[in-house]
Amino acid sequence: MPQRITLSDIAEQAGVSTATVSRVLNGKSNVADATRRQVFVALDLLGYERPENLQSPRGLVGLIVPELSNPIFPMYAQQIEQILASNGHTPLLCTQAPGGTSEDEYIAMLVDRGVAGIIFVSGRHADTTADLTRYERLRERGIPIVTVNGNTAGLRSPSFTTDDAAAASMGVRYLFSLGHRRIGLAMGANRMVPAKRKLEGYTRTMHNLLPDEPLRTVESLFTYESGVSAAHQLLDAGCTGIVCGSDVLALGMIQGARSRGLSVPEDISVIGYDDSPLIPMMNPPLTTLRQPVDAISRAAVACLMAQISGDKVEDTELFFSPDLIVRGSTTIAPRD
């Protein structure tokens with residue numbers, strides 16, 4: 001039998017008194033809007049279906065993310081959805097997949113549904129080859145938008161992103177501090193803004209620290225299989241330390257090294273990017289550059305809420321500093 005949810009359970013989840021929960025459930029008006037939303041969120045999190053009299057209309061907000069096989073995108077989706085719900089808005093999650101619904105088709109569907117705004121995560125806004133008119137049309141219609149993870153030049157939109165150049169530089173400097181000199185970079189497609197910025201950070205830091213060392217880079221997809229392939233290319237180039245553009249790519253990199261009889265980190269040190277939930281449980285636990293997903297998500301939602309409320313916001317890009325999380329996939333460089 002399913003466990004019965006009590007007023008105390010809801011009150012504890014919402015951080016309010018049972019009397020307040022009772023007033024909300026009975027539709028009383030003497031409850032602050034913010035407190036009422038806290039109780040609604042608690043009901044949703046506990047899996048309690050709201051009575052019809054509590055299902056007041058709330059603003060719909062579109063959230064468009066890439067495919068969910070890369071763990072970083074479910075992380076963003078979960079954080080943004082939860083923050084939107086706590087602000088009294090209903091998120092409409094749209095996920096893309098190769099050969100599936102396109103970003104333009106999702107935009108048309110969301111506009112038809114009368115969304116109050118749209119948040120784009122790692123979409124065409126970060127593709128330097130993309131047509132930007134899709135976003136300009138939304139602005140012309142007065143639909144607020146916010147982007148996450150990089151804006152290509154010419155796009156007028158508030159944007160919130162991890163500082164990819166700083167992250168790549170941080171990874172190179174850490175490997176250098178461990179004695180590595182032949183340091184490689186496995187990144188995504190160079191037409192994408194985050195990949196271009198990682199390459200810029202890697203190149204600048206290598207030139208500053210190791211001006212006589214050649215650059216060793218591979219463009220790749222953010223998949224396990226692509227990581228395996230990239231590993232062979234970078235190992236053939238003599239790398240002893242590698243910075244990867246995603247955790248999934250790094251896991252493929254480790255497998256590629258092992259397939260050649262090499263050990264991580266004794267023979268090759270590998271750094272990931274994102275800090276996905278299961279990464280600490282890998283063998284070895286992955287050293288990685290953590291994206292500040294919570295901070296970026298909160299800033300993006302706050303900016304969208306301000307636009308929905310009629311406030312004017314600047315079309316600027318705000319960069320968030322990554323964190324280097326040191327675990328077991330990196331160590332002192334092997335002797336030649």
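Two strands count as paired if DSSP finds at least two bridges between them. Helices (H or I, at least four residues) and strands (E, at least two) are DSSP runs, numbered from the N terminus. The model is predicted: local features need pLDDT of at least 70, side-chain atom pairs count only at pLDDT 80 or more, and totals for chains, interfaces and linings use all residues. Residues are numbered from 1 along each chain as its sequence is written, and side-chain values use heavy atoms, leaving out hydrogens and water.

**View 1. An open sheet of six strands.** The strand order is 2-1-3-4-5-11, with parallel pairing. Strand 2 (89-95) and strand 11 (317-320) form the edges, each pairing on one side only. From one strand to the next, the twist averages 20 degrees.

**View 2. Strand 1 beside strand 3.** Strand 1 (residues 59-65) and strand 3 (residues 117-121) run parallel, joined by four bridges. Leu 63 has Ile 119 of strand 3 as its bridge partner.

**View 3. Helix 11 on the sheet.** Helix 11 (residues 293-308) packs against strand 1, strand 2, strand 3, strand 4 (145-148), strand 5 (159-162) and strand 11. Contact means heavy atoms within 4.5 Å. The directions of helix 11 and strand 4 make about 170 degrees. Axes are lines fitted to C-alpha atoms, for helices over the stretch in contact; angles run from 0 to 180 degrees between N-to-C directions.

**View 4. Leu 7 in helix 1 (residues 7-14).** Leu 7 touches Thr 18, Val 21, Ser 22 and Leu 25, not counting residues up to four places away in sequence. The C-alpha atoms of Leu 7 and Thr 147 are separated by 39 Å.
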